[in-house]
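This report walks through one protein chain, moving from a single loop residue to the sheets, cores and surface around it. Please keep the sequence and the 3D view side by side while reading.

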Amino acid sequence: MAIENIKVPDLGDASEVEVIELLVAVGDEVSENDSLLVLESDKAAMEIPAPMSGVVKSISVNLGDQVSTGSDILTLEVDGEGSGDDKAEAGAEEKSASADSGKADDEKSAQEKPAAKTEEKESEEKQSGSGATSERDVEVPDLGTDDEVEVIEVHVKDGDEIAAEDSLITLESDKAAMEVPAPEAGKVKGMQIKVGDKVKTGAKILVLEVASSSGSSADDSKAAEEKPAAKEETAAKEEEAPKPAAPEPAPQKANTESSGRVYAGPAVRKLARELGVDLTQVQGSGAKSRITKEDLHEFVKSRINAAPAAGSAPGLPAIEDIDFSQFGEIEEVQRSKLEKVTAVNMHRNWMSVPHVAQFNEADVTDLED
């Protein structure tokens, strides 16, 4: 047996991310690619898979912790024959090879930078003579995989004015959900995808009408002169106008942002779709009112146990809890996800589908003869 220290993989541009779900406990046996925990940055939530099979010996993080690339997650007891010295030597060789590769990449990048700058300059010069606005295609960024991912949310529509870094769509793979931000401010001219579509890296999202990057110096100077005058006029109007009473703060929904989206990880969203639950109706118990799997299960349980809606099945008496241990020994077995989904759907159908049977009689004497 060997002890492996599992760390946070490369997170890209994200410096620190929050641990929003722990999916394993000490003593659990995990297989390769089983999810260990869920991390969330400002733009995406991702599940961290196990790089190998083994038994969880200790966990180094807690819910709400801020972690970064290389932070310790947990220790895993795995079957291994190699000694620690062999692993250290192998690691040193990998680091050496990585360093050589990094130097080669740096040299190649240094050679490509002048050409890239020249192309950018030519592109800007072309745009400067094309007019006040221009159109550009916004594409799906590098997803790190060639597999298709699903579009689960579209946050903009044709005609919307958006700012740089505004969320355009939300993509979800088997392990993570991520929001694709706008590269710059502009106006949405034509959406190319919709909810449920499967896309890859480089797929076209929309056409964005943006202001030309270059403007005349005369316009800039004119705008600079107009700003002080506008500020003075605004200040004068504020002094003349009576100050209104402070408005009462508007009530906020428990689990939604201003755009109507909810705080929930990809695993929770997938479970909600399987159970047919509207996440905007679920009260989250996690950090920042985040919805967890336990919140979904409690919501479904409360709906099942709640009184039936008017007209569906009136007059049904409440079901009493029975202590089955009075009849002998009992064993509690955890139900599978399929069994839970089946129970919800069967209960719904039992309460709403009319229980009608029709029988037809036929004389088959001649047929028997």
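Glu165 has a relative accessibility of 46%, and because the range for partly exposed residues runs between 20% and 50%, Glu165 is placed in that class. The model in which this value was computed is a predicted one. Glu165 sits in the loop that links S11 to strand S12 (167-172), and its phi is near 75°, which is a positive value in a residue other than glycine.

A similar description can be given for Asn33, which belongs to the loop between strand S3 (29-30) and S4. Its phi is near 80°, again positive in a residue that is not glycine, and with 47% relative accessibility Asn33 also counts as partly exposed. Gly276, the residue that follows H3, has a positive phi as well, near 70°.

**The chain as a whole**

The chain contains 6 helices and 16 strands. Of its 369 residues, 24% are buried, and the accessible surface of the chain comes to about 26100 Å², with 49% of that area belonging to carbon and sulfur atoms. Among the contacts with a separation of 6 or more, 61% are made by residues that are 24 or more positions apart.

**Strands and their partners**

Strands of a sheet pair through backbone hydrogen bonds, in either a parallel or an antiparallel way. In this model, 4 strands form an open sheet with antiparallel pairing, in the order S9-S16-S14-S11. Which strands stand at the edges of this sheet? They are strand S9 (133-139) and strand S11 (161-162), and because each has a single partner strand, one side of each is left without a neighbour in the sheet.

The edge strand S9 holds Ser134, which is buried, with a relative accessible area of 17%. If residues up to four places away in sequence are set aside, Ser134 touches Leu208, Glu209 and Val210.

Three strand pairs can be compared in the table below, each with a pair of facing residues.

| Strand pair | Sense and bridges | Facing residues |
|---|---|---|
| S11 and S14 (186-191) | antiparallel, 2 bridges | Ile162 and Gly186 |
| S4 and S5 (44-49) | antiparallel, 5 bridges | Val38 and Glu47 |
| S5 and S13 (176-181) | antiparallel, 3 bridges | Ala44 and Met178 |

S4 and S5 also form a hairpin, with 3 residues between the two strands.

**Nonpolar cores**

The largest nonpolar core has 20 residues, and those with the most contacts inside it are Val30, Leu36, Leu39, Val67, Ile73, Leu74 and Leu76. At least two residues of this core come from each of strand S1 (2-7), strand S2 (17-22), strand S4 (35-40) and strand S8 (72-78), and S8 gives the most, with 4 residues.

With which residues is Leu39 in contact, leaving aside its neighbours within four places in sequence? The list consists of Val8, Leu11, Val17, Glu18, Val19, Ala44, Ala45, Met46, Ile48 and Val67. Apart from this core lies another one, of 19 residues, which includes Val149, Ile193, Val199 and Val210. Val210 has already appeared above as one of the residues touched by Ser134.

**Helices and a patch on the surface**

Why can helix H3 (residues 266-275) be described as largely enclosed by the rest of the structure? The reason is that 7 of its 10 residues are buried, namely Pro266, Ala267, Val268, Arg269, Leu271, Ala272 and Leu275.

In helix H5 (residues 337-352) lies Ala343, which is partly exposed, with a relative accessible area of 28%. Ala343 and Ile304 are 39 residues apart along the chain, and their C-alpha atoms are separated by 9.9 Å.

The loop between helix H4 (293-305) and H5 contains Ile330, which counts as exposed at 53% relative accessibility, because the limit for that class is over 50%. Together with Ile322, Phe324 and Phe327, Ile330 makes a nonpolar surface patch of about 470 Å².

How values were computed: Residues are numbered from 1 along each chain as its sequence is written. This is a predicted model: local features need pLDDT of at least 70, side-chain atom pairs count only at pLDDT 80 or more; totals for chains, interfaces and linings use all residues. Side-chain values use heavy atoms; hydrogens and water are left out. A nonpolar core is a set of buried Ala, Val, Leu, Ile, Met, Phe, Trp, Tyr and Cys residues joined through side-chain atoms within 4.5 Å. Buried means under 20% relative accessible area, exposed over 50%, partly exposed in between (1.4 Å probe, protein chains only). Contact means heavy atoms within 4.5 Å. Two strands pair if DSSP finds at least two bridges between them. Accessible areas come from the Shrake-Rupley method with a 1.4 Å probe; for residues, only the protein chains shown count as cover. Patches are made of residues with over 30% relative accessible area and no salt bridge: like charges are joined within 9 Å, nonpolar side chains (Val, Leu, Ile, Met, Phe, Trp, Tyr) within 5 Å. A salt bridge is a side-chain nitrogen of Lys or Arg within 4 Å of a carboxyl oxygen of Asp or Glu.
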